[in-house]
Amino acid sequence: MTSSRLETPPPDHNPSATSRIATPIENTSNSGDFKSAGVSNATEAETLALAQTGDHYAFAQLYSLHKRRIYSLCLRMVGNVAEAEDLTQEAFLQLHRKIATFRGDSAFSTWLHRLAINVVLMRLRRKGLSLISLDEAMEPAPEERPGRSFGAPDLNLTGSIDRLALERAIANLPAGYRLIFVLHDIEGYEHNEIATMLDCSIGNSKSQLHKARLKLRDALRTYPRQEARR
Amino acid sequence: MTDTNHKMNCEEFQSQLPELIGTGERISDHPHLQSCELCSAFVAELEAIAEAARQLFPIVEPPDELWEHIEMAIQKEQNSAGQSGRPM
Ligand SMILES: [Zn+2]
């Protein structure tokens with residue numbers, strides 16, 4: 001079984017070129033950084049096509065092309081390094097299983113992103129983390145009414161937001177809020193896309209996002225106070 | 001009730017915010033904000049938070065050994081699927 005290990009160069013390493021299985025990837029000499037050039041599209045398409053036939057080397061190339069975005073996405077969504085690694089692994093495992101089914105209706109990176117988000121969602125749901133109250137969200141609890149945060153630009157937030165406090169505040173958001181906040185405000189998804197992914201209404205997505213922002217604002221306002229109290 | 005008029009407008013405006021934020025239109029063009037400093041500041045804060053959050057999460061590199069784990073997992077799956085896992 002010594003040869004059982006898949007013969008794949010670590011991604012991001014230059015395969016000592018020609019001895020590798022012949023692949024039409026021309027610019028491997030440029031380790032993993034294909035993104036910019038115009039050539040890259042053709043190359044990624046070719047790599048993708050190869051990976052779809054089961055070529056493990058091509059799959060490794062895809063990994064090295066997309067690992068940063070996917071890992072970062074997972075990290076943002078769950079806010080935990082170990083879990084993000086685990087989810088990234090799961091996402092690429094799923095990719096390996098499903099890659100042959102990719103039909104090119106959307107950009108591959110978009111498709112992969114969706115896949116990764118689904119992996120994260122499934123994990124969160126399995127853990128029973130309330131994807132919340134996506135229903136409750138429609139009728140805010142009394143203390144969560146907009147009026148509570150009404151008024152008061154007493155923060156001087158603009159311009160000087162404490163990174164640590166914000167990090168903490170985002171980490172402390174309920175999982176569902178954080179998901180939508182990350183997907184919309186950080187990843188740039190539209191509400192209709194989020195609604196599809198999370199299987200909720202667009203109105204829900206909007207109100208969740210707003211509530212997430214209000215919670216962050218509240219948190220940023222209370223941290224300094226708590227500290228001052230000591 | 002004329003006194004509360006302004007306030008009512010603010011509350012109305014703020015209750016519409018979730019909807020407004022989602023449309024992609026520039027909220028700062030909203031008529032209410034032209035005349036209301038309170039809500040302007042409020043919206044500015046929310047936007048500042050979102051902007052700060054974007055900068056908070058740069059694209060980062062996963063650890064190198066992650067690929068090995070993925071490879072092993074793939075291998076394992078292929079083996080248990082009765083395939084040899086032999087590279088073509
Ligand atoms: Zn107002």
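Student: What is the mean pLDDT of chain B?

Tutor: This is a predicted model. For chain B the mean pLDDT is 80. In that chain, 78% of the residues reach 70 or more.

Student: Which elements of chain B have the lowest and the highest mean pLDDT?

Tutor: Helix H1 of chain B, residues 5-22, has the lowest, at 75. Helix H4 of chain B, residues 65-80, has the highest, at 93.

Student: Where in chain B does pLDDT stay under 50?

Tutor: Over residues 1-6 of chain B. The model has one contact beyond four places in sequence for that stretch.

Student: And what is the secondary structure of chain B?

Tutor: Four helices and zero strands. Along the sequence, the pattern reads α-α-α-α. Chain B has 88 residues, and 39% of them are buried.

Student: What about contacts within chain B between residues at least 6 apart in sequence?

Tutor: Of those, 30% join residues at least 24 apart.

Student: Switching to chain A. How many helices and strands there?

Tutor: Eight helices and zero strands. Its pattern is α-α-α-α-α-α-α-α. Of its 230 residues, 50% count as buried. Take the contacts in chain A with a separation of 6 or more: residues 24 or more positions apart account for 68% of them.

Student: What does pLDDT look like in chain A?

Tutor: The mean is 74, and 64% of the residues in chain A reach 70 or more. Among its elements, helix H8 (residues 202-229) has the lowest mean, 78, and H3(A) has the highest, 96.

Student: Where does pLDDT in chain A fall below 50?

Tutor: One such stretch is residues 133-152 of chain A. Beyond near neighbours in sequence, residues 133-152 have 40 contacts in the model. Residues 225-230 of chain A are also below 50. That stretch has two contacts beyond near neighbours in sequence.

Student: Does the predictor score the complex too, and what are the ipTM and pTM?

Tutor: The ipTM is 0.74 and the pTM is 0.70.

Student: Back to H3(A). How do its axis and that of H2(A) cross?

Tutor: H2(A) covers residues 56-78 and H3(A) covers residues 81-98. Their axes come within 8 Å and cross at roughly 140°. The two helices are therefore oblique to each other. The crossing is right-handed.

Student: Which residues meet there?

Tutor: From H2(A), they include His56(A), Phe59(A), Tyr63(A), Ile70(A) and Val78(A). From H3(A), they include Val81(A), Glu83(A), Leu87(A), Phe92(A) and Leu95(A). By class, the H2(A) and H3(A) contact has 13 nonpolar, four polar and three charged residues.

Student: And how do H3(A) and H4(A) cross?

Tutor: H4(A) is residues 108-126. The axes of H3(A) and H4(A) come within 9 Å and cross at roughly 125°. These two helices are therefore oblique to each other. Their crossing is right-handed.

Student: Which residues make that contact?

Tutor: On H3(A), among them are Glu83(A), Leu87(A), Glu90(A), Phe92(A) and Leu95(A). On H4(A), among them are Trp111(A), Leu115(A), Val119(A), Met122(A) and Arg123(A). The H3(A) and H4(A) contact has 12 nonpolar, one polar and five charged residues.

Student: Glu83(A) came up. Is Glu83(A) buried or exposed?

Tutor: Buried. Its relative accessibility is 16%, and the cut-off for buried is under 20%. Glu83(A) is in helix H3 of chain A.

Student: What is Glu83(A) in contact with, leaving aside its neighbours within four places in sequence?

Tutor: Val78(A), Arg123(A) and Lys127(A).

Student: New topic. How many residues of helix H6 of chain A are buried?

Tutor: 12 of the 12, over residues 175-186. So H6(A) is largely enclosed by the rest of the structure.

Student: Which residues are the buried ones in H6(A)?

Tutor: They include Tyr177(A), Leu179(A), Ile180(A), Phe181(A), Val182(A) and Leu183(A). Arg178(A), His184(A) and Asp185(A) are on the list too.

Student: What follows H6(A)?

Tutor: Gly188(A) follows H6(A). The phi of Gly188(A) is positive, near 80°.

Conventions
Residues numbered from 1 in each chain as written. Chains lettered and ligands numbered in written order. Predicted model: local features only at pLDDT ≥ 70, side-chain atom pairs only at ≥ 80, totals over all residues. Heavy atoms only, no water. Buried < 20%, exposed > 50% of the residue type's maximum accessible area, 1.4 Å probe, protein only. Axes fitted to C-alpha atoms, helices over the stretch in contact; angles between N-to-C directions. Parallel < 35°, antiparallel > 145°, perpendicular 65-115°, else oblique. Left-handed = near helix turned anticlockwise from the far one by under 90°. Contact = heavy atoms within 4.5 Å. Nonpolar A, V, L, I, M, F, W, Y, C, P; charged D, E, K, R; others polar. pLDDT = per-residue confidence, 0-100.
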